[in-house]
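The exercises below are to be worked with the sequence and the model side by side. Each task is followed by a solution in steps.

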Amino acid sequence: MIEKISKPDDLFTIALEEIAKATGAAKHEFHTFTLGTVNRGFPHLRTVVLRKFEPESVNVLFHTDIRSEKINHLQECSQVSLLFYGYTLRLQVSFNGIAGIEKDPELTQYQFENSSADAQKCYAYGTQPSSIIHSKTKEELQPDIQLPLSANQLSTAKENFVVVRIVPDKCDILCLHYSGHIRVRANRTPEGWVSEFVTA
Ligand SMILES: Cc1cc2nc3c(=O)[nH]c(=O)nc-3n(C[C@H](O)[C@H](O)[C@H](O)COP(=O)(O)O)c2cc1C
């Protein structure tokens, strides 16, 4: 990888290419990422699956339950941080940006319909994510929820399912190498992304 990097933009391009590859590849090290939200001044981190990446706009999309705490956080404060780390890639990519629920109903429907039946089932439960339950799992509470979902269960799942779109405006990339780590910072400007090398 290091031999392909002569200018800052080369590393930015490599990072975006790896994220693009990871969308449909469950084994790719960037297939999941850490999402940071802020709530009442405290940071909150969790893992989510990268579901779509739009390279031209550098937008990152993931799926979640509209009733989840992360959605409450985003409604209070839309500023997020994302972290991708690939141990074998020796690459760390972090973004800062603004997140919100996807507004395009056709894209949301497409993403739901192209999710696995098991993934769709996760959204069919009546218990709100993070609520206290008196059994080990939500599946034990609602054993009637089985595949294939009934029409009612499918409609509940669709109501709870949302796509979150993240529009990053800053990116920090660290490429680890024994001869010296390479670090690039990139900023979105009205003219496009502008990147520069910074001390690693
Ligand atoms: C490997 C992995 C992938 C996950 N993917 C997602 C995901 O795509 N969307 C999601 O809402 N939660 C996902 N989760 C669960 C979240 O990490 C988190 O526990 C859950 O969404 C509740 O977070 P919240 O209370 O901050 O909303 C994943 C967890 C793991 C370990």
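**Exercise 1. A hairpin and its loop**

Which residue takes a positive phi in the hairpin of β3 and β4, and how many residues lie between the strands?

Solution. The model is a predicted one.

Step 1. Locate the strands: β3 covers 52-54, and β4 covers 59-65. They run antiparallel and are joined by three bridges. One of the pairings sets Phe 53 against Val 60 of β4.

Step 2. Inspect the connection. Four residues lie between the strands of this hairpin, and Val 58 takes a positive phi near 55° there. Val 58 is not a glycine, and its place is in the loop between β3 and β4.

Step 3. Check the surroundings. Val 58 has 21 other C-beta atoms within 10 Å, and the threshold for a buried residue is 20 or more, so Val 58 is buried.

Step 4. Follow β4 to another partner. Six bridges join β4 to β7, and these strands run antiparallel. Val 60 has Ile 166 as its bridge partner in β7.

**Exercise 2. Two further backbone features**

Find the loop that holds Ser 130, and decide whether Ser 130 is buried or exposed.

Solution.

Step 1. Ser 130 is found in the loop between α4 (117-121) and α5. Its phi is near 75°, a positive value in a residue other than glycine.

Step 2. Ser 130 has 11 C-beta neighbours inside 10 Å; the limit for an exposed residue is 12 or fewer, so Ser 130 counts as exposed.

Step 3. Now take the loop between α5 (138-141) and α6 (151-160), where Pro 148 has its place. The peptide bond from Leu 147 to Pro 148 is cis, with omega near -5°.

**Exercise 3. The shell around the ligand**

Which elements each supply at least two residues of the shell around the ligand, and which gives the most?

Solution.

Step 1. The ligand is surrounded by 14 residues, and the closest are Arg 46, Thr 64, Ser 68, Glu 69 and Lys 70.

Step 2. Assign the shell to elements. At least two residues come from each of β2 (42-49), β4 and α2 (69-76). β2 gives the most, with five residues.

Step 3. Sort the shell by residue class: four are nonpolar, seven are polar and three are charged.

**Exercise 4. The two sides of α2**

State which residues of α2 are buried and what they pack against.

Solution.

Step 1. The buried residues in α2 are Lys 70, His 73 and Leu 74. Viewed down the helix axis, the buried residues of α2 fall within an arc of 100°, so they line one face of the helix.

Step 2. Gln 75 and Glu 76 are exposed on the other side of α2.

Step 3. The buried residues of α2 pack against β1 (32-39), β2, β4 and β6 (91-101).

Step 4. Compare with the shell of Exercise 3: Lys 70 is among the residues closest to the ligand, and Lys 70 is also buried in α2.

**Exercise 5. The nonpolar core**

How many residues does the largest nonpolar core have, and which element gives the most to it?

Solution.

Step 1. In soluble globular proteins, nonpolar side chains tend to be buried together.

Step 2. Here the largest nonpolar core has 35 residues; Leu 11, Phe 12, Ala 15, Leu 82, Val 93 and Ile 173 have the most contacts inside it. At least two core residues come from each of α1 (8-22), β1, β4, β5 (79-86), β6, β7 (161-175) and β8 (182-189). β7 gives the most to this core, with eight residues.

Step 3. Take Phe 12. Setting aside neighbours within four places in sequence, its contacts are Cys 171, Ile 173, Val 184, Ala 186, Trp 193 and Ser 195.

Step 4. Move to Cys 171, whose place is in strand β7. Cys 171 is buried, with 23 other C-beta atoms within 10 Å. With the same sequence neighbours left out, Cys 171 is in contact with Phe 12, Val 93, Phe 95 and Ala 186. The C-alpha atoms of Cys 171 and Val 93 are separated by 7.1 Å, although these residues are 78 residues apart along the chain.

**Exercise 6. The whole chain**

What does the secondary structure of the protein come to, and what share of its residues is buried?

Solution.

Step 1. The protein has six helices and nine strands.

Step 2. Of its 200 residues, 24% are buried.

Step 3. Among contacts with a separation of 6 or more, 60% come from residues 24 or more positions apart.

Conventions:
Residues numbered from 1 in each chain as written. Predicted model: local features only at pLDDT ≥ 70, side-chain atom pairs only at ≥ 80, totals over all residues. Near = placed C-beta within 6 Å. Nonpolar A, V, L, I, M, F, W, Y, C, P; charged D, E, K, R; others polar. Arc of directions from axis to C-beta. Contact = placed C-beta atoms within 7 Å. Core = buried A, V, L, I, M, F, W, Y, C linked by C-beta atoms within 7 Å. Pairing = 2+ DSSP bridges.
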